[in-house]
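Q: Please take a close look at a single part of the model shown below. Please then set that part in its wider structural context.

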Amino acid sequence: MNLKKTLLFTILTCCISFFSMEATGAGFQAGFYPAIRISEEGVSKGPLLVNATGTIRCSRIPLVFGAGIITGSENSRAVLGLSVFADWWAIDNQIKNNWNFFSGFGLSAAIKTDFQNNFYFSAGPRFFAGMNWIFIDNFIEAYFQQNILPSISLNTKSENKDFMLYLPFEAGVRLHF
């Protein structure tokens, strides 16, 4: 029993020290996700989704990741689910004083349900560009970004695999510590 407690304490200590050394910003972002569906039937309007996500921005590596709730309408049904992403900032340039431009790439995935035994899964790469402003001695970061998410979308009730082009706009605030 003592071995389990010691092991658990060691793992928690390592995780806490890793995040305290690496993560300098934590916050919240909201997003609006319009989409275009490309399937065997042709091109059509895709799902319209919104999300609320918690984000963490690392200090020593140009990585931002997050997880949150996604909701909206898919195939004329209300859906609710979870979304995750990880972004690598390839460009982070200062425009003027506390105003910056950033851009990069990453990965995104989501799983949603309409509560009628239908599950929707989508995943794909993520390309983004945005601007941020840093206030109060690098303590508060406000930002917005436009994304392009080409994704494969699967429905558990259908054998079809649709290609979705999501065009989410996201905005948020992070507090740096």
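Which residues does D87 touch, not counting residues up to four places away in sequence?

A: D87 touches P62, L63, V64, F105, G106, R126, F128 and Q145 once residues up to four places away in sequence are set aside; contact here means heavy atoms within 4.5 Å. The model is a predicted one, in which local features need pLDDT of at least 70 and side-chain atom pairs count only at pLDDT 80 or more, whereas totals for chains, interfaces and linings use all residues. Residues are numbered from 1 along each chain as its sequence is written, and side-chain values use heavy atoms, with hydrogens and water left out.

D87 belongs to strand β6, which covers residues 77–96; strands (E, at least two residues) and helices (H or I, at least four) are DSSP runs numbered from the N terminus. D87 counts as buried because its relative accessible area is 1%, where buried means under 20%, exposed over 50%, and partly exposed in between (1.4 Å probe, protein chains only). The side chain of D87 makes a polar contact of 2.7 Å with that of R126. A polar contact is a pair of N or O atoms within 3.5 Å; within protein, one atom must be able to donate a hydrogen and the other to accept it, and residues adjacent in sequence count only if both atoms are side-chain atoms.

Strand β6 also holds D92, a partner of R57 in strand β4; the closest N and O atoms of their salt bridge are 3.5 Å apart. These two residues link distant parts of the chain, with their positions 35 residues apart in β4 and β6. A salt bridge requires a side-chain nitrogen of Lys or Arg within 4 Å of a carboxyl oxygen of Asp or Glu, and the count by this rule comes to seven. Side chains of opposite charge can pair when their charged atoms come close. R57 counts as buried because its relative accessibility is 15%, whereas D92, at 41%, counts as partly exposed.

R57 has a further salt bridge to E141, at 3.1 Å from N to O. Because R57 lies in strand β4 and E141 in strand β9 (residues 140–155), this pair ties together parts that are 84 residues apart in sequence. R57 and E141 are both buried. E141 in turn forms a salt bridge with R174, and their closest N and O atoms are 3.1 Å apart. This pair connects strand β9 to strand β11 (residues 169–176), distant parts of the chain that are 33 residues apart. R174 is buried, as is E141. Through shared partners, the salt bridges join R57, D92, E141 and R174 into one network.

Strand β4 (residues 48–58), which carries R57, runs antiparallel to strand β5 (residues 63–74), and 10 bridges join the two; strands pair if DSSP finds at least two bridges between them. L48 stands opposite S73 in β5, and β4 and β5 form a hairpin with four residues between the strands. Another hairpin consists of β2 and β3, with two residues between them. Four bridges join β2 (residues 35–39) to β3 (residues 42–45), which also run antiparallel, and I38 has V43 in β3 as its bridge partner.

The nonpolar interior completes the picture. The largest nonpolar core has nine residues: Y33, A35, L49, I70, V79, Y120, L149, M164 and Y166. A second, separate core has six residues, including F128, which is also one of the residues touched by D87. Such a core is a set of buried Ala, Val, Leu, Ile, Met, Phe, Trp, Tyr and Cys residues joined through side-chain atoms within 4.5 Å. Leaving aside neighbours within four places in sequence, the contacts of I70 include L49, V79 and K112. K112 lies in strand β7 (residues 99–113) and counts as buried because its relative accessible area is 2%. Among the residues touched by K112 are L49, I70, V79, Y120 and Y166.

As for the protein as a whole, it has one helix and 11 strands, with the helix preceding the strands in the sequence pattern α-β-β-β-β-β-β-β-β-β-β-β. Of its 177 residues, 36% are buried. Among contacts between residues at least 6 apart in sequence, 54% join residues at least 24 apart.
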